[in-house]
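User: I would like to learn how to read the features of a protein model step by step, with the general idea given before the particular case. Could we begin once the model is on screen?

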Amino acid sequence: MATFVVRAATIQSLLKARPHPFDATRVRETASLGDQVGLKKTGIHKTWLAPHMVSTVEHFHDCDEEWFYILRGGGTLLCAGECEDIAVSAGDFAGFTTASRQPHAFRAGEEGMEYLIGGNREPVDICHYPLIGKALVINRGGENIVVDEKVK
């Protein structure tokens with residue numbers, strides 16, 4: 001039987017700490033909601049950041065668009081020096097097209113930050129981390145590949 005609804009208690013039980021593979025000090029607790037209902041072309045996750053935690057290494061995608069909806073708490077959208085960092089709070093929405101090439105991450109504020117993150121899931125995507133000179137080729141059908149890029 002297909003599952004169309006994921007109950008709140010189940011979502012909470014699915015939240016797991018996920019350190020970033022390029023910087024283990026950046027940890028977010030996340031649960032894949034889309035996977036629970038069998039979504040293949042759309043990713044959606046519930047994420048919790050502890051107070052002052054940074055969500056990921058600042059990055060942008062070549063193929064996957066990303067969006068964020070802040071549920072609770074707040075913090076700062078880090079823009080990796082490309083534009084000014086932006087304060088965000090509950091009810092705010094942010095989105096990144098592939099054309100923007102804007103490196104981004106979140107830093108939670110005093111209360112921490114809970115948000116939904118989602119986007120499309122292309123079979124292959126390249127995630128760039130310009131501040132550390134790396135890229136990750138995301139192959140949803142096989143192994144991911146780390147690539148060293150020149151830092152500009």
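Analyst: What follows takes up the pocket, the nonpolar cores, some single residues and the backbone angles of this predicted model.

User: Let us start with the open space: how many residues line the largest pocket, and which of them lie nearest its centre?

Analyst: A pocket is best read by its volume, its lining and the elements that supply that lining. In this structure the largest pocket holds about 850 Å³ of space, and 30 residues line it, with Arg28, His45, His61, Ile138 and Arg140 lying nearest its centre. The strands that each give at least two residues to the lining are β1 (16-20), β2 (23-32), β3 (42-49), β8 (105-120), β9 (124-129) and β10 (134-139).

User: How many residues of each class does the lining of the largest pocket have?

Analyst: Sorted by class, the lining consists of 14 polar residues, eight charged residues and eight nonpolar residues.

User: What does UniProt list for residues 50-114?

Analyst: An annotation of this kind should be read as a statement of the record. The unreviewed UniProt entry gives residues 50-114 as "domain: Cupin type-2"; in the model, that span is 51% strand and 0% helix, and its end C-alpha atoms are 9 Å apart.

User: How should I read the nonpolar cores, and which residues have the most contacts inside the largest one?

Analyst: The general idea is that, in soluble globular proteins, nonpolar side chains tend to be buried together. Here the largest nonpolar core has 13 residues, and Phe68, Phe106, Met113 and Tyr115 are those with the most contacts inside it. Two or more residues of this core come from each of β5 (66-78), β7 (93-96) and β8, and β8 provides the largest share, namely five residues. A second, separate core has five residues, among them Val57, Cys127, Leu136 and Ile138.

User: What is Phe68 in contact with, once its neighbours within four places in sequence are left aside?

Analyst: Phe68 then contacts a set of residues that includes Phe93, Phe96, Phe106, Tyr115 and Ile117, together with Asp92 and His104.

User: Trp67 is in strand β5; is Trp67 buried or exposed?

Analyst: Neither word fits, because Trp67 has a relative accessibility of 27% and therefore counts as partly exposed, the buried class being kept for values under 20%. Beyond its neighbours within four places in sequence, Trp67 is in contact with residues including Ile44, Phe93, Ala94 and Leu116, and although Ala94 is 27 residues away along the chain, the C-alpha atoms of Trp67 and Ala94 are separated by 5.6 Å.

User: And where is Leu15 found?

Analyst: Leu15 is found in the loop between α1 (8-14) and β1, and it counts as buried because its relative accessibility is 14%. Not counting residues up to four places away in sequence, Leu15 touches Glu29, Thr30, Ala31 and Lys46. The loop between β9 and β10 holds Gly133, which also counts as buried, at 5% relative accessibility.

User: Finally, which residues other than glycine have a positive phi?

Analyst: As a general rule, most residues other than glycine have a negative phi. Among the residues with a positive value here are His52, whose phi is near 70 degrees, and Arg101, whose phi is about 50 degrees. His52 has its place in the loop between β3 and β4 (60-61) and is partly exposed at 47% relative accessibility, while Arg101 lies in the loop between β7 and β8 and is partly exposed with a relative accessible area of 44%.

Definitions and conventions. Residues are numbered from 1 along each chain as its sequence is written. This is a predicted model: local features need pLDDT of at least 70, side-chain atom pairs count only at pLDDT 80 or more; totals for chains, interfaces and linings use all residues. Side-chain values use heavy atoms; hydrogens and water are left out. On a 1 Å grid over the protein atoms alone, a cavity is a set of points where a 1.4 Å probe fits but cannot get out, and a pocket is an open set with protein on both sides within 12 Å along at least five of seven lines; lining residues have an atom within 4 Å of a point. Grid points are joined across faces, edges and corners, and a volume is the space filled by probe spheres set on the points. Helices (H or I, at least four residues) and strands (E, at least two) are DSSP runs, numbered from the N terminus. Ala, Val, Leu, Ile, Met, Phe, Trp, Tyr, Cys and Pro count as nonpolar, Asp, Glu, Lys and Arg as charged, and the others, Gly among them, as polar. UniProt positions are given in the numbering used here, feature names are shortened, and annotations may be inferred rather than shown by experiment. A nonpolar core is a set of buried Ala, Val, Leu, Ile, Met, Phe, Trp, Tyr and Cys residues joined through side-chain atoms within 4.5 Å. Buried means under 20% relative accessible area, exposed over 50%, partly exposed in between (1.4 Å probe, protein chains only). Contact means heavy atoms within 4.5 Å.
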